[in-house]
4 protein chains.
Amino acid sequence: MLQEKRKEITRTKILNAAKKVFAQKGFSNTSIADIVKKSRLARGTFYLHFQSVEQVLNALLQEVFMEIQRNLTELQVESLDQKHFKIGLSALAKSLLNVFQERKEIVGILLTTMNSDTKIRMQTIWFQEFLQASIRVMFDRGIASGRLRKFDSELMSYLVSGGLREVLGQWILYGRYKDSIEQKVDEVIGIYMNGVELNA
Amino acid sequence: MLQEKRKEITRTKILNAAKKVFAQKGFSNTSIADIVKKSRLARGTFYLHFQSVEQVLNALLQEVFMEIQRNLTELQVESLDQKHFKIGLSALAKSLLNVFQERKEIVGILLTTMNSDTKIRMQTIWFQEFLQASIRVMFDRGIASGRLRKFDSELMSYLVSGGLREVLGQWILYGRYKDSIEQKVDEVIGIYMNGVELNA
Amino acid sequence: MLQEKRKEITRTKILNAAKKVFAQKGFSNTSIADIVKKSRLARGTFYLHFQSVEQVLNALLQEVFMEIQRNLTELQVESLDQKHFKIGLSALAKSLLNVFQERKEIVGILLTTMNSDTKIRMQTIWFQEFLQASIRVMFDRGIASGRLRKFDSELMSYLVSGGLREVLGQWILYGRYKDSIEQKVDEVIGIYMNGVELNA
Amino acid sequence: MLQEKRKEITRTKILNAAKKVFAQKGFSNTSIADIVKKSRLARGTFYLHFQSVEQVLNALLQEVFMEIQRNLTELQVESLDQKHFKIGLSALAKSLLNVFQERKEIVGILLTTMNSDTKIRMQTIWFQEFLQASIRVMFDRGIASGRLRKFDSELMSYLVSGGLREVLGQWILYGRYKDSIEQKVDEVIGIYMNGVELNA
DNA sequence: CATGAATGAGGATTCATTCAT
DNA sequence: AATGAATGAATCCTCATTCAT
């Protein structure tokens, strides 16, 4: 019992150290040695908990993935079938922003890791596809319910996921919209819903 | 004279070898040794032409950057101030698609490298910002000319650049829309211009 | 505890191996690879203990430096202020000879390294200056006490340190005076004290 | 004829470049590449004139060796058998100082190279022994002529050559006695001739 | 004679991994 | 469970040397 707790503590030390190092040097430039040094544990200890740097990254990402996934499904169910579609969307977005806010560091790592490293691609691709599928389902429901016009919802899911990723990156990685990010949510929704062209 | 030609050939051999290796293993997992092996040149020869893997990547990226930049400015000037705004946009997009088509390999590398490796970030960020600025200028002109409604053109430039990047990735990296990519152009323009909501 | 002992043993193995290689090939021609090979340890092990060949040499030299320094100060204090100045000097010299005798190998390395390699110069210069200063102080005391005539004691310290270094080199490096080195001590003192000219 | 002159010029360029690099980085740290770069010649050209860095050093040293040797023999013959022994010695020393003065750079290289690098030792040892033999012969003549008391002239030659080398080093390498070196000559002779002890 | 591109051996350094304590 | 010394493969990089022009 005591030993298990101890083990858990050590594991957490490794994860925290890794989080810092990843954020600093980027995933692909961090070695096991780096993590070990930052964690102030012994080299051998690392291997009692993980077998590679990738595994550590995975462990970190899983955390966020699950959190996001939980929020997403929960909120979708709750809000999107309501009459006030846009309001629901807005609520969903803001809820996700909270998750990102709280996990800034890992989200940053995720953003710089997605699509890049082949070793890790499988994990992130799975997540990306999950996101895109979620978005697409939303749109399909919108179309089915007659609220949205007919359009290629798959294509749209790419546009939206990519667009949001970029905005997220600007916020998390480059500090843009520092305190005003929430205010942008409705503007984004407006753009995707009604476009930017003036009605003739 | 002959010697210079020989040097140029060797340089190209390195670049081609690197292109293949990058595409296969990803930038951050390729060592100088990998490139040398693929190029079938001597280890020392590499250093006569480049000093690091990053420099090789840069050389490859510069090529595409310049090509894109050339197309972008040229076409913007030609077409965007005309009456037929959407038609101009469509032409621009299709012209860029050609560039991407012809440089599939490098564009793929660019897509998986952007935002990821800190060593290379400077190059790609510069390019990304150039793209976003170009997009933004387009929208600002649209607003000024009264064709577009007033909106946050900076935010929009992130949404569009990210969205297009994602679509591009789906096409180049995962083979989606293999032969139908051109047909999607107008649909994308439609979405950004008029949104997806049904006019009540 | 045991592990620390093991580490110490390994370190000593490296030092001993280095000592042999330095003696054989000279400092500036020995590579880390050479030392590793001679020590029969793994390449990586070297870096757990030292970071460069210079550091190894330093470790070796420090040993002798300290030993000499200890002898020098101890003996100076004990003997040089006595009435029998020359006898004291003679004792000091013979005591140093013992140190050199016991550390022949390292002293040899020191002799061939002093003044030569810029990378190592700082260490040896420091030592050389310490020696010269010690010698000079001796002479200054001799002058002050009226036992010696007035002369440029700094210049003299160069003459003596250089002269003794050369004799030492002849002994250690080229095997001259193999067993008769002690007998030369008094002759050297005689020369420096009274010169070689016949009193007219 | 023209080609020979051209060849000679190139050779000199190499020697001059080498002189500078040796002085800056020390002999054992300079590579052929270094010399080639400094000389602004092509890599291959080097091999038309020399086959190794050692050969270049030798060529440089030979120059000084011969100059010194010439001065030494010439002056010995002229002056040392005269009545005024010390005056002759003084003249000899000052003449050598001129040689050193004019070849400061190479003499500096010689001083930091002597005894150190095994690759070059043969050359410098030969020279050192020549010097010591010259000195010894002088003393032997002095003894034979009754001007000097009987002493171990070999030992003395080591003391003197080493002492002078050290003073020379202080002058050339560390800039001591910058303009007063000539004035020290007679003081040195005085020390070796009459010692430093006060006559009781 | 001079050039400089290409070579590949060899040395420096890092890294993941093992294992005795 | 935790430690950290040791390992050797893999990488990076430099250097002397060759050779076609």
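Let's call a residue near a strand if one of its heavy atoms lies within 4 Å of it. With that in hand, and keeping in mind that this is a predicted model, start at DNA strand E, which is surrounded by 36 residues. The closest of them are A:Tyr47, B:Thr10, B:Thr45, D:Thr10 and D:Thr45.

What part of the strand do the protein chains meet? Of the strand E atoms within 4 Å of the protein, 65% belong to sugar or phosphate, and the rest to bases. You can see both kinds of approach in individual residues. B:Thr45 places a polar side-chain atom 2.7 Å from a phosphate oxygen of strand E. With C:Ile32 it's the backbone that comes in, an N or O atom lying 3.0 Å from a phosphate oxygen. C:Arg43, on the other hand, has a polar side-chain atom 3.3 Å from a base oxygen. Now look at which elements give two or more residues to this surface: in chain A they are α2 (32-39) and α3 (43-49), in chain B α1 (2-25) and α3 (43-49), in chain C α2 and α3 (43-49), and in chain D α1 (2-25) and α3 (43-49). By type, the residues near strand E split into 13 nonpolar, 15 polar and eight charged.

Stay with helix α2 of chain C for a moment, since C:Asp34 sits in it (residues 32-39). Is C:Asp34 buried or exposed? Its relative accessibility is 17%, and because anything under 20% is classed as buried, C:Asp34 counts as buried. Setting aside neighbours within four places in sequence, C:Asp34 touches C:Val21, C:Lys25 and C:Asn29.

From here, move over to where chain C meets chain D. Each chain brings 49 residues to the contact, and the area buried between them is about 4,600 Å², with carbon and sulfur atoms giving 53% of that. On the chain C side, C:Arg149, C:Val196 and C:Glu197 supply 15% of the area that chain C buries against chain D, more than any other three residues.

There's polar chemistry here too. Between chains C and D there are six salt bridges; one to look up is C:Asp152 with D:Lys184, whose closest N and O atoms are 2.7 Å apart. Across this interface, 16 residue pairs are in polar contact. As for where chain C's side comes from, α7 (118-144), α8 (153-172) and α9 (181-194) each supply at least two residues, and α8 gives the most, with 13 residues. Sorted by type, the residues on that side of chain C come to 18 nonpolar, 16 polar and 15 charged.

Conventions: Residues numbered from 1 in each chain as written. Chains lettered and ligands numbered in written order. Predicted model: local features only at pLDDT ≥ 70, side-chain atom pairs only at ≥ 80, totals over all residues. Heavy atoms only, no water. Helix = DSSP H or I, 4+ residues; strand = E, 2+ residues; numbered from the N terminus. Buried < 20%, exposed > 50% of the residue type's maximum accessible area, 1.4 Å probe, protein only. Contact = heavy atoms within 4.5 Å. Buried area = accessible area lost by both parts, 1.4 Å probe. Salt bridge = Lys/Arg side-chain N within 4 Å of Asp/Glu carboxyl O. Polar contact = N/O pair within 3.5 Å; in protein donor to acceptor, adjacent residues only side chain to side chain. Nonpolar A, V, L, I, M, F, W, Y, C, P; charged D, E, K, R; others polar.
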